Amino acid sequence: MLLTLSTTHTPATDLGYLLHKNPDRPQSFELPFGLAHVFYPEATPGRTTAALLLEVDPVALVRGRPSSGGQGGTLDQYVNDRPYVASSFMSVALSRVFGTALSGRSKDRPELAAQPLPFSARLSVLPCRGGEAFLRRLFEPLGYTVTATRHALDETVPAWGDSRYFTVTLEGHVRLGDLLSHLYVLIPVLDDDKHYWVGDEEVEKLLRHGEGWLAAHPEREQIARRYLRHRHSLAREALERLAGDEAPEPEERQEARNAEEAVLESRLSLNEQRLQTVMTVLQESGAARVVDLGCGEGRLIKALLKDRRFTEVVGMDVSHRTLEIAQDRLGIEKMPDLQRKRVQLLHGSLFYRDARLAGFDAATVIEVIEHLDLPRLAAFERVLFEHTRPGLIVLTTPNAEYNVRFTSLPAGTFRHRDHRFEWTRAEFEAWAARMCERFGYTARFLPVGEADAEVGAPTQMAVFTR
């Protein structure tokens, strides 16, 4: 069975540092069930590909084990698809051969290990119990472009139809450690089988390799059941622990933290300046239908409804409580019918494709992305730029350089304790450039708030046009 990992990051040969495997030297590793070989079919600065070839020895695998009963059972142990398809054997090989990369670490290139890069992963033969639709439901929410080619049972006998085996290519802008974790967990999920006994330690493996993405995955229940070989007690434990890890922060605590940030920025009237700058951009664009992603308590929506140029205004947020506050503050229930038809509040995640978000002239993303960890940011990028794909996107985020001007903010800390990052102007512009290149937009940048000659404005804005 064969897995290839390719990148066009420049220089692409950095993949050798990330995998801790020298492109100039093929290597082989003994595993309990066979041999794993690592080699590089191509290694140039423009494109580098690493291959993991796994040779499973079915005879060595079952030698010395008692038969499950009868000659048929013994024959089935020796004659099967295990040496030829990606399965839990591949997951074990990934952890043994690429263990450091799987953990998200790199001794020589730590900054690259933490950075999303363009990757393509190809599995030559992948069993998919559930078909292509299930395959896509597993990988597309994680931000991958999926290409799947189904194999016939026998090309010489077309009447037999298609098999459950696919050649699959995954393409995405992702950290290498996340890509390997997704493969480690989801390959045996698609196969719906494991070659070893599943016990309590498998729950720990699932939670460890699913950290940061599994709890929010729409197929998490199916993933847990299949990964744990349908052992219901283990799957229930994993799901309960996932729910506990990802439980929404109590509303009172979240509101208190939001208040802290508001107090920090209050002397600048920064929120009002943000809203006014966004309004000006939208008014000048001629947009009529606007969706506010991560709308919070509806302050921008309220401003938009006052301007009749905006014929439809939709807000989406993941928090039920926040949407209730927005509904009360907007007074939707008391609005005249014509006004009420212009506004809609939606509950939903920003990480998954949602047909309700399609077709808008403009989307606003105000102080949202800094709350997302990198795997979720990658998923949100595709939701926003590829699937929602409005003609105009207005996006704001804090300028990290300006933090030194907040005298009450300890050095090295973020403005809000829930922020996962805060970017400098150069980092923000580099991210925006990648979005433009990947998704066919152009971007211009505007300061929000009074600009400081040394550190810039307190908030930075990108206006993307398709």
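## Angles and a helix across strands

An angle between two elements is taken between their N-to-C directions and runs from 0 to 180 degrees, with each axis being a line fitted to C-alpha atoms. Keep that in mind as you look at the structure, which is a predicted model. Here is a place to try the idea out: helix α4, residues 88–97, lies across the strands β1, β2, β3 and β4. The angle between helix α4 and β4 is about 125°.

## The seven-stranded sheet

In what order do the strands of the open sheet follow one another? Reading across, the order is β2-β3-β4-β1-β5-β7-β6, and the pairing is antiparallel. The strands at the two edges are β2 and β6, each of which pairs on one side only. On average, neighbouring strands of this sheet are turned by 15° against each other, with direction ignored. As background, strands of a sheet pair through backbone hydrogen bonds, and they may do so in a parallel or an antiparallel way.

Strand β5 is a good one to follow by eye. It covers residues 117–127 and pairs with β7, residues 162–174, in the antiparallel sense over nine bridges. Two pairs of residues help you to find this pairing: leucine 126 stands opposite phenylalanine 166 in β7, and proline 118 has histidine 173 of β7 as its bridge partner. Strand β5 also runs antiparallel to β1, and five bridges join these two strands. Here you can look for threonine 7, which stands opposite phenylalanine 119 in β5. Is β5 largely enclosed or largely open? Eight of its 11 residues are buried, so the rest of the structure largely encloses β5.

## Two buried residues

Leucine 15 belongs to helix α1. Its relative accessibility is 1%, so it counts as buried, since the cut-off for buried is under 20%. Which residues does leucine 15 touch, leaving aside those up to four places away in sequence? They are Leu5, Thr7, Tyr40, Thr48, Ala50, Phe119 and Leu176. You have already met two of these contacts, Thr7 and Phe119, as the residues that stand opposite each other between β1 and β5. Leucine 15 also shows how the fold brings parts of the chain together: alanine 113 is 98 residues away from it in sequence, while their C-alpha atoms are 9.8 Å apart in space.

Arginine 382 sits in helix α17, residues 374–388. With 4% relative accessibility, arginine 382 is counted as buried too. Setting aside residues up to four places away in sequence, arginine 382 touches Glu140, Gly143, Tyr144, Thr145, His387, Arg438 and Phe439. One of these, Thr145, falls within the edge strand β6, which covers residues 145–152.

## Two helices that cross

At what angle do α8 and α10 pack? Helix α8, residues 176–191, meets helix α10, residues 220–227, at about 80°, and their axes are 8 Å apart. That angle makes α8 roughly perpendicular to α10, because values from 65 to 115 degrees are counted that way. Helix α8 brings Tyr184, Val185, Leu186, Pro188, Val189 and Leu190 to the contact, and α10 brings Ile223, Arg226 and Tyr227. Sorted by class, eight of the residues in this contact are nonpolar, none is polar and one is charged.

## Backbone details in the loops

Three spots in the loops deserve a look. Threonine 10 and proline 11 are joined by a cis peptide bond, with omega about -5°. You will find proline 11 in the loop between β1 and α1.

Histidine 20 has a positive phi of about 60° although it is not a glycine. Its loop runs between α1 and β2, and its relative accessible area of 33% makes it partly exposed. Arginine 229, also not a glycine, has a positive phi near 55°. This residue lies in the loop between α10 and α11, where it is partly exposed, with a relative accessible area of 40%.

## Two domains

Stepping back, the chain is divided into domain 1, residues 2–196, and domain 2, residues 268–465. How far apart do the C-alpha centres of the two domains lie? The distance between them is 38 Å. In the contact between the domains, 10 residues come from domain 1 and 10 residues from domain 2.

Conventions
Residues numbered from 1 in each chain as written. Predicted model: local features only at pLDDT ≥ 70, side-chain atom pairs only at ≥ 80, totals over all residues. Heavy atoms only, no water. Helix = DSSP H or I, 4+ residues; strand = E, 2+ residues; numbered from the N terminus. Parallel < 35°, antiparallel > 145°, perpendicular 65-115°, else oblique. Contact = heavy atoms within 4.5 Å. Nonpolar A, V, L, I, M, F, W, Y, C, P; charged D, E, K, R; others polar. Buried < 20%, exposed > 50% of the residue type's maximum accessible area, 1.4 Å probe, protein only. Pairing = 2+ DSSP bridges. Domains from an automatic or database assignment.
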